[in-house]
Amino acid sequence: MHSFMGGGLFCAMVGNILLVVSMATDYWMQYRLSGSFAHQGLWRYCMSGKCYMQTDSIGETTHHRGALKPTYWNATRALMILSGMSCFAGIIAGILSFAHFSAFERFNRSFAAGIMFFISTLFVLLAMAIYTGVTVNFLGKRFGDWRFSWSYILGWVALLMTFFAGIFYMCAYRMHECRRGGSPTR
């Protein structure tokens, strides 16, 4: 049981770090604009060696025709932040699940951690799906030379890590329940 929890905790910590790095960096996609390469993240876009904040009016500006509409940026940002927060809450519950005392007998911290990791996975899946769909449909038609970049890929890897953290913690919960159910009744 502890090996599942340890593996889950490792996956969750790596996943949370990847979520933060993915959100904070400016390499979700790269493209060629006016003969030079540009790249953008959730918060900024960079071209010709200068970076600019993504603003609400950026979709209408002419100097950066490739920007996505603010609604999609905000949805992706919010879902990624919620994913990171629920993953962090799962990490706290996961660490606490190593302690054997419980104020509530029916409350299992391994189960709670697993649920939090699955919620984190759902949030990052929704964020990545929104970003992917809008990027492919919006930018794919405007630029012939573009690609997703490493920050975006880290988001997908974080999804896998949080998912496997949830699996590990659910396995630990099932093992705990099987052991508890097999003990003699007093």
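Which residues does UniProt list under "transmembrane region" for this chain? The unreviewed entry gives residues 7–29, 78–99, 111–132 and 152–172. The model discussed here is predicted, and the annotation comes from the UniProt record.

Two of the listed stretches can be compared directly with the coordinates. Residues 111–132 are 100% helix and 0% strand in the model, and the C-alpha atoms at the ends of this stretch lie 31 Å apart. For residues 152–172 the model likewise gives 100% helix and 0% strand, with 31 Å between the end C-alpha atoms.

The next topic is the packing of helix 1 on helix 2. Two packed helices are described by the angle between their axes and the distance between the axes. Helix 1 covers residues 2–24 and helix 2 covers residues 70–96; their axes are 10 Å apart and make an angle of about 155 degrees. An angle over 145 degrees counts as roughly antiparallel, and helix 1 and helix 2 are therefore roughly antiparallel to each other. The crossing of helix 1 past helix 2 is left-handed.

Which residues of helix 1 meet helix 2? On the helix 1 side they are Leu-9, Ala-12, Met-13, Asn-16, Leu-19, Ser-22 and Met-23. Helix 2 contributes Met-80, Ile-81, Ser-83, Gly-84, Cys-87, Phe-88, Ile-91, Gly-94 and Ile-95. Sorted by type, the residues of this contact are 11 nonpolar and 5 polar, with no charged residue.

The model also contains a sheet. This sheet is open and has 5 strands in the order 4-3-2-1-5, paired in the antiparallel sense. Strand 4 (50–53) and strand 5 (146–148) each have a single partner strand, so these two stand at the edges and one side of each is left without a neighbour in the sheet. From one strand to the next the twist averages 20 degrees.

At one edge of the sheet, strand 4 can be followed residue by residue against strand 3. Strand 3 spans residues 44–47 and pairs with strand 4 over 4 bridges, in the antiparallel sense. Tyr-45 has Tyr-52 in strand 4 as its bridge partner, while Met-47 stands opposite Lys-50 of strand 4. In a regular strand the side chains alternate between the two faces of the sheet. Strand 3 and strand 4 form a hairpin with 2 residues between the strands, and in this hairpin Ser-48 takes a positive phi near 55 degrees.

Technical notes:
Residues numbered from 1 in each chain as written. Predicted model: local features only at pLDDT ≥ 70, side-chain atom pairs only at ≥ 80, totals over all residues. Heavy atoms only, no water. UniProt positions renumbered as here; feature names shortened; annotations may be inferred. Axes fitted to C-alpha atoms, helices over the stretch in contact; angles between N-to-C directions. Parallel < 35°, antiparallel > 145°, perpendicular 65-115°, else oblique. Left-handed = near helix turned anticlockwise from the far one by under 90°. Contact = heavy atoms within 4.5 Å. Nonpolar A, V, L, I, M, F, W, Y, C, P; charged D, E, K, R; others polar. Pairing = 2+ DSSP bridges.
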